[in-house]
Amino acid sequence: MGRQLVRLGLQSAGRLYYNLSFDELFSHETDPRLGDHERGRVSSLDAVAVDTGRFTGRSARDKYVVLDESTRGSVWWADGTVQGSDNRPINQETWTHLKELSAGQLNGKDLYVMDGFCGANPDTRLNVRLVTEVAWMAHFFKNMFIRPTPEELKDFKPDWTILNACKATAKDFAAWGLRSEVFLAFNIAERMTVIGGTWYGGEMKKGIFSIMNYFLPLKGIGSFHCSANMGKNKDTALFFGLSGTGKTTLSTDPKRALIGDDEHGWDQSGIFNFEGGCYAKCIGLTPQREPQVYAAIRRNALLENVEMDDFGNIDFASDRKTENTRVSYPIEHIDNIVRPRSKGRPPSKIIFLACDAYGVLPPVAKLSGEQAMYHFLSGYTAKIAGTEHGIKHPQATFSACFGKAFLMLHPTAYAGILAQKMQEHHTAAYLINTGWVAGPYGTGHRIPLKDNRLIVDAILDGSIEEGDFDLLPVFDLHIPRHINGVDDKTLNPRHLWADKSAYDASLRKLGEMFVENFKSFTDTPLGKRLAGAGPRL
């Protein structure tokens, strides 16, 4: 191990804690001698809670990739536009500087070394190693990556290494052409990530997801930001959606076994999970609303940025620290999961989730093949007031492939693979609005979660196809007239607006936003062809 650390730039180390158990990590991360961000507090649910400081989410604009001969023509590079990539290029000299900063922070410290797999398929998984000085970071890694058996650890050799030096900062960032003192840098040739300046645990998981998004599509394998579950007849479904649209909530279904809640690959044999855990939002969590997620918060779970009193009682409704409160936990904390490996057949159904705060999209619509690719590339949802600083009115948000921040290749590379897989396996696609009806945010109301679940049930059991459909103008979406258990009047959004002309104007306005956003994809043959599947103005 010592020689391997030297190759990472670490010349010395204190104690090395190698692949500690959950109980050992619990003891280390709750040590009362630790500082504020390092020390975890034990909640009344017996899960450890930590604070990640001023960064309570990802620092997407501080993501860098080394530009070299192998990445020059393959990576989707940032172009400075809102719709564009987050992959900012750095040269080898800048990379060396950031690596030395990270190694310098970790040199001489007691270090936690954790090993895990990313990917449930042995043929395509990555062997990932984390080196950090923070015990709860090691705990987060152990929660989220697939945990090797003792036998697998004996011969473990990392394909990729993360140096998480969260205490290090690039104070001279301007001299190196960086945006800030925070950095998340990737070197494909050296198979390494260095992290500095942020304590947000999700950077480790999403960083490796980005790397899977680089390697797998180059092999013709799908790599997608989605959740997946399986029915009793072994039928599988994928759920795509941005944060807050219900991806984790709707895929964690007591009637179906969970494959995974966030990141999946699709190869010749079917769907496979990348992870060994789940990373769920906690804001507004109740045992009634999301019983399986709530029950998963117990010993070995790790809470981030929740409001907690001196007795360990958690106020899940509080957004005082952030709206993006989180919990990570081993996937085994969900009782109804696919075992022994998180894998399934090719999906028969794909569901795109959009939280439409304008209140104009229907609760559910059936998509043609080209419409599915159009909405996949668009990746639409809407941010609402209170979710981010400065947002006072609903704002349309488009994130290519429902995960623009994690894409290493051009979005059409992922869309092309998805289209081919869907055609090959006759996969049907649907769009579900988990947002507002009867008016926009502030006037209308949010679609009840029970209706969302009934709509998902109708898609998965096929009953949605048994009735007639209406056509939504502008978007040309096919809307079912009936869903078992759902009031028919709610299925066509125009019917619920008191001012029909206001609805028509809002629908057209949203259509214009879609068209304007999609212009960024028409520089490729696939994007140019799919533009016709969007709104007709």
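## Close-up views of a predicted model

**View 1. Helix H4 on the eight-stranded sheet.** In this predicted model, helix H4 lies across strands S6, S7 and S8 and runs at about 15 degrees to S6. The three strands belong to an open sheet of eight, ordered S1-S6-S7-S8-S10-S9-S4-S5, in which the pairing is mixed. Strands S1 and S5, the latter spanning residues 88-90, stand at the edges with a single partner strand each, so that one side of each is left without a neighbour in the sheet. From one strand to the next the twist averages 20 degrees.

**View 2. The parallel pair S7 and S8, with helix H6.** Strand S7, residues 126-132, runs parallel to strand S8, residues 160-165, and five bridges join the two. Within this pair, Val128 stands opposite Trp160 of S8. Helix H6 lies across S4, S6, S7, S8, S9 and S10, and its direction makes an angle of about 150 degrees with S8.

**View 3. Strand S4 and its two partners.** Strand S4, which covers residues 63-66, pairs with S9 in the parallel sense over three bridges, and its pairing with S5 is likewise parallel, over three bridges. In S9 the bridge partner of Val65 is Phe186, whereas in S5 the bridge partner of Tyr64 is Arg88. In a regular strand, side chains alternate between the two faces of the sheet. In S4, Lys63 and Val65 point one way while Tyr64 and Val66 point the other way, and all are buried.

**View 4. The five-stranded sheet and the other contacts of H4.** A further view shows an open sheet of five strands in the order S2-S3-S17-S20-S16, with mixed pairing. The edge strands are S2, residues 41-42, and S16, residues 277-281, each of which pairs on one side only. Strand S2 pairs with S3, residues 48-50, in the antiparallel sense over two bridges, and Val42 stands opposite Val48 of S3. Helix H4, residues 135-144, lies across S3, S16, S17 and S20 of this sheet, running at about 115 degrees to S17; H4 also lies across S6, S7 and S8 of the eight-stranded sheet.

**View 5. Aromatic pairs that link parts separated in sequence.** The count of aromatic pairs comes to 27. In one of them, the rings of Tyr17 and Tyr112 have centres 5.1 Å apart and planes at 25 degrees, so the pair is stacked. Tyr17 lies in strand S1, residues 16-18, and Tyr112 in strand S6, residues 111-118, so this pair ties together parts that are 95 residues apart in sequence. Tyr17 counts as buried at 17% relative accessibility, and Tyr112 is buried with a relative accessible area of 7%. The rings of Tyr200 and Tyr279 have centres 6.4 Å apart and planes at 45 degrees, so that pair is tilted. Because Tyr200 lies in the loop between strand S10 and helix H6 whereas Tyr279 lies in strand S16, the pair ties together parts that are 79 residues apart in sequence. Both Tyr200 and Tyr279 are buried.

**View 6. An aromatic cluster and two charges over rings.** One aromatic cluster is formed by Tyr374, Tyr380, Phe398, Phe475, Phe514, Phe518 and Phe521. Elsewhere, Lys142 lies over the face of Phe22, at 5.2 Å from the ring centre, and the charged end of Lys206 sits over the ring of Phe406, 4.5 Å from its centre. Lys142 falls within the residue range of helix H4, 135-144, and Lys206 within that of helix H6, 202-218.

**View 7. Cysteines without a disulfide.** A disulfide is a covalent bond between the sulfur atoms of two cysteines. A search of the whole structure finds zero disulfides. Cys282 is in no disulfide, and the nearest cysteine sulfur, which belongs to Cys278, is 12 Å away; at 0% relative accessibility, Cys282 counts as buried. Cys355 is in no disulfide either, the nearest cysteine sulfur being that of Cys282, at 18 Å, and at 5% relative accessibility Cys355 also counts as buried.

Definitions and conventions: Residues numbered from 1 in each chain as written. Predicted model: local features only at pLDDT ≥ 70, side-chain atom pairs only at ≥ 80, totals over all residues. Heavy atoms only, no water. Pairing = 2+ DSSP bridges. Helix = DSSP H or I, 4+ residues; strand = E, 2+ residues; numbered from the N terminus. Contact = heavy atoms within 4.5 Å. Axes fitted to C-alpha atoms, helices over the stretch in contact; angles between N-to-C directions. Phe/Tyr/Trp six-rings, centres within 6.5 Å; stacked < 30°, edge-to-face > 60°. Buried < 20%, exposed > 50% of the residue type's maximum accessible area, 1.4 Å probe, protein only. Lys NZ or Arg CZ within 6 Å of the ring centre and 35° of its normal. Disulfide = S-S within 2.5 Å.
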